[in-house]
Amino acid sequence: WASDQIIDEFVQAGKEANVSAIFLAVKARGEIGTKATANATGYTLNAEDGGGTYFNFFNIGAYSGTNPNYNGILYARDHEWDTSYKALLGGAQFIAKNYIAAGQDTQYLQRFNFTTKSTYTHQYATDITYAYQGGRHPRAGEDGAAGLRLGFGSDHRRIRAGRQGGQ
């Protein structure tokens, strides 16, 4: 799903939201994987839910239940994420406003909130392996195995959300 267009959209959304495009790509990869998925290629809603096609690269609103992905697409519908770019920008802005601004600027802090604000609560994900998985993927992306082709280079510093290039 990481076409040249989507890669350009990650970079542009990152710039507009002041969030590292690499961080966003790693987060999306952790949320929806690297294979074609309806969240990245467009999920068409049932007619009873209003129809239309929506995107949600970060699974925002995909809470537990019988169909968490569908819940995330309903969130995307409610925020009018009917193009891949709107979903990337909206998701980046959501993460920047609700997590990075609160000091949760790494995958680890978004999963295990040890900041002084809302310590141990306000977590992005409930998966106990979330931070571990997020830590594994940046290196794979650097090596090109992630299929994200964002020009990671060989810099092995921690990828922080609010800084371009992981600096």
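**Group meeting: helix packing in a predicted model**

Let's start at helix H4, residues 68–78, where the buried residues are Tyr70, Gly72, Ile73, Leu74 and Ala76. They pack against three elements: helix H3 (38–41), strand E1 (43–44) and strand E2 (53–54). Keep in mind that this is a predicted model.

Now the layout. The protein has seven helices and two strands. Read along the sequence, the pattern is α-α-α-β-β-α-α-α-α. There are 167 residues, and 49% of them count as buried. What about the contacts in the protein with a separation of 6 or more? Residues 24 or more positions apart account for 58% of those. On the outside, the protein exposes about 8,500 Å². Carbon and sulfur atoms supply 49% of that area.

Next, the loops on either side of H4. After H4 comes Glu80, with a positive phi near 60 degrees. Glu80 is not a glycine, and its phi is still positive. Its place is in the loop between H4 and H5. Is Glu80 buried or exposed? Exposed, because its relative accessibility is 55%, and the cut-off for exposed is over 50%.

Asn59 also has a positive phi without being a glycine, near 55 degrees. Asn59 sits in the loop between E2 and H4. Here relative accessibility is 14%, so Asn59 counts as buried. The cut-off for buried is under 20%.

On to the helix pair, H1 and H5. Two packed helices are described by the angle between their axes and the distance between the axes. H1 covers residues 4–17 and H5 covers residues 84–98. Their axes come within 9 Å and cross at roughly 35 degrees. The crossing is right-handed. Which residues make the contact? From H1, they are Gln5, Ile6, Glu9, Phe10, Gln12, Ala13, Glu16 and Ala17. From H5, they are Ser84, Tyr85, Leu88, Leu89, Ala92, Gln93 and Ala96. Sorted by class, that contact has nine nonpolar, four polar and two charged residues.

Stay on H5 for a quick geometry check. H5 has 15 residues, so at 1.5 Å a residue it should span 21 Å. Its end C-alpha atoms are 21 Å apart, which agrees. Which residues of H5 are buried? Ser84, Ala87, Leu88, Leu89, Gly90, Gly91, Ala92, Ile95 and Ala96.

Gln93 is in H5 too. Its relative accessibility is 41%, so Gln93 counts as partly exposed. Look at Gln93 and Gly14 together. They are 79 residues apart along the chain. Their C-alpha atoms are separated by 8.8 Å.

Last stop, Leu24. Leu24 is in helix H2, residues 21–32. Buried or exposed? Leu24 counts as buried, because its relative accessibility is 1%. What does Leu24 touch, leaving aside its neighbours within four places in sequence? Phe10, Gly14, Val19, Phe58, Ala92 and Ile95. Two of those names came up a moment ago: Phe10 is on the H1 side of the helix contact, and Ala92 is on the H5 side. Ile95 was listed among the buried residues of H5.

One more distance for Leu24. Phe57 is 33 residues away along the chain, and the two C-alpha atoms are separated by 9.2 Å.

To recap: H1 and H5 cross at roughly 35 degrees, with a right-handed crossing. Leu24 of H2 is in contact with Phe10 and Ala92, among others. That's it from me.

Terms used:
Residues numbered from 1 in each chain as written. Predicted model: local features only at pLDDT ≥ 70, side-chain atom pairs only at ≥ 80, totals over all residues. Heavy atoms only, no water. Axes fitted to C-alpha atoms, helices over the stretch in contact; angles between N-to-C directions. Helix = DSSP H or I, 4+ residues; strand = E, 2+ residues; numbered from the N terminus. Left-handed = near helix turned anticlockwise from the far one by under 90°. Contact = heavy atoms within 4.5 Å. Nonpolar A, V, L, I, M, F, W, Y, C, P; charged D, E, K, R; others polar. Expected span 1.5 Å × (residues − 1). Buried < 20%, exposed > 50% of the residue type's maximum accessible area, 1.4 Å probe, protein only. Areas by Shrake-Rupley, 256 points an atom, 1.4 Å probe, with all protein chains shown as cover.
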